[in-house]
Amino acid sequence: MAPLAIPAAIIDYIHTPLQLYFCLPYKDGKFYSSNPDISLPDQLSESLQSFLQQLDEFHYQKFDRFPTFGPCHPAHIDPDWCQALAQTTGDSSTDIARVLSRAIGIIPTHKMEAFLIHDVWGHHWQYLCTQFSSDYAILKDCGQPFHAGETAYTPDGPINCRMLFQVQGEQVELDHPQSPSIFSWRSPAAIRAPFHPSHRRNDCGCS
């Protein structure tokens, strides 16, 4: 994505030792400002409109960017910038991109206080004190379709998705008693973690 012209005066931020959240005053795909000294463009560029719209979109893939679930996919971060940081820190540019994708978030300013406890501090201590990182990584695949050979390893032996469906004449029937075995195997974190996409008041994703 090309650089976006956002007035610096309207940007606030929240940070923890591991996270940096930029707070932007946007709502319904538009910027707003209560400060008369700050001028905002009457018409947003197509790229800026697209950016604001994408901030409100939900993607399962963002679960892999714990603890911020932020907007930056590693592949979309400027590689030259990552390389410059890598030379300074001694880390690889790949590691730099991965860390930035998990550390940077964007939230709407008018919902900043609502995000502060659950999203900012809550996920921060989860990252430090729990194993939720691997659980959330599993959730990133929840939006992917099942394939016939997908297999769950149960106490009664392996069962694959194909085995759940039986052809009875001209109809296909689902083995309801066995189906939870496959669904829970695909995403055990969805059962353990007290988290659901609907809890995201305004999920921040632009990739």
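At roughly what angle do the axes of helix H2 and helix H3 cross? The legends below take that pair first and then move through the rest of this predicted model.

**View 1. Helices H2 and H3 where they cross.** The axes of H2 (residues 79-89) and H3 (residues 93-103) cross at roughly 110 degrees and come within 8 Å. With 65 to 115 degrees counting as roughly perpendicular, the two helices are therefore roughly perpendicular to each other. On the H2 side, the residues to look for are Trp81, Cys82, Gln83, Leu85, Ala86 and Thr89. They meet Ser93, Ile96, Ala97 and Leu100 from H3. Sort the residues of this contact by type and you get 7 nonpolar, 3 polar and no charged.

**View 2. What the buried residues of H3 pack against.** Stay with H3 and pick out Ile96, Ala97, Leu100, Ser101 and Ala103, which are buried. The partners for the buried residues of H3 are H2, strand E2 (20-24) and strand E5 (104-108). Ile96, Ala97 and Leu100 also turn up in the contact with H2.

**View 3. The largest nonpolar core.** Ten residues build this one: Ile10, Leu24, Tyr26, Phe31, Ile38, Leu48, Phe51, Leu52, Leu55 and Ile106. Helix H1 (residues 46-55) is the top contributor, giving 4 residues. Leu48 is a handy place to zoom in: leaving out residues up to four places away in sequence, Leu48 touches Leu4, Ala5, Ile6 and Phe31. A second core, separate from this one, has 7 residues, including Ile77, Cys82, Leu100 and Ile104.

**View 4. Ile106 in strand E5.** Ile106, one of the residues of the largest nonpolar core, lies in E5. Its relative accessible area is 10%, so Ile106 counts as buried. For a sequence-distant partner to show in the frame, try Phe69: Ile106 and Phe69 are 37 residues apart in sequence, but 9.4 Å apart from C-alpha to C-alpha.

**View 5. Thr109 and Tyr32, two loop residues in contact.** Thr109 sits in the loop between E5 and helix H4 (112-129). Loop or not, Thr109 is buried, at 18% relative accessible area. Setting aside neighbours within four places in sequence, Thr109 is in contact with Asp12, Cys23, Leu24, Pro25 and Tyr32. Tyr32 has its place in another loop, the one between strand E4 (30-31) and H1. With a relative accessible area of 33%, Tyr32 is partly exposed. Tyr32 and Ile10 are 22 residues apart along the chain, and their C-alpha atoms are 8.8 Å apart in space.

**View 6. Cysteines without a disulfide.** How many disulfides does the structure hold? The count is 0. Take Cys82, part of the second core and of the contact between H2 and H3. The closest cysteine sulfur to that of Cys82 belongs to Cys72 and is 9.9 Å away, which is too far for a bond. Cys82 is buried, at 2% relative accessibility. Cys161 is buried too, at 10% relative accessibility.

**View 7. Zooming back out.** The protein has 7 helices and 9 strands. Of its 207 residues, 34% count as buried. Look at contacts between residues at least 6 apart in sequence, and 68% of them join residues at least 24 apart.

Notes:
Residues numbered from 1 in each chain as written. Predicted model: local features only at pLDDT ≥ 70, side-chain atom pairs only at ≥ 80, totals over all residues. Heavy atoms only, no water. Core = buried A, V, L, I, M, F, W, Y, C linked by side-chain atoms within 4.5 Å. Buried < 20%, exposed > 50% of the residue type's maximum accessible area, 1.4 Å probe, protein only. Contact = heavy atoms within 4.5 Å. Axes fitted to C-alpha atoms, helices over the stretch in contact; angles between N-to-C directions. Parallel < 35°, antiparallel > 145°, perpendicular 65-115°, else oblique. Nonpolar A, V, L, I, M, F, W, Y, C, P; charged D, E, K, R; others polar. Disulfide = S-S within 2.5 Å.
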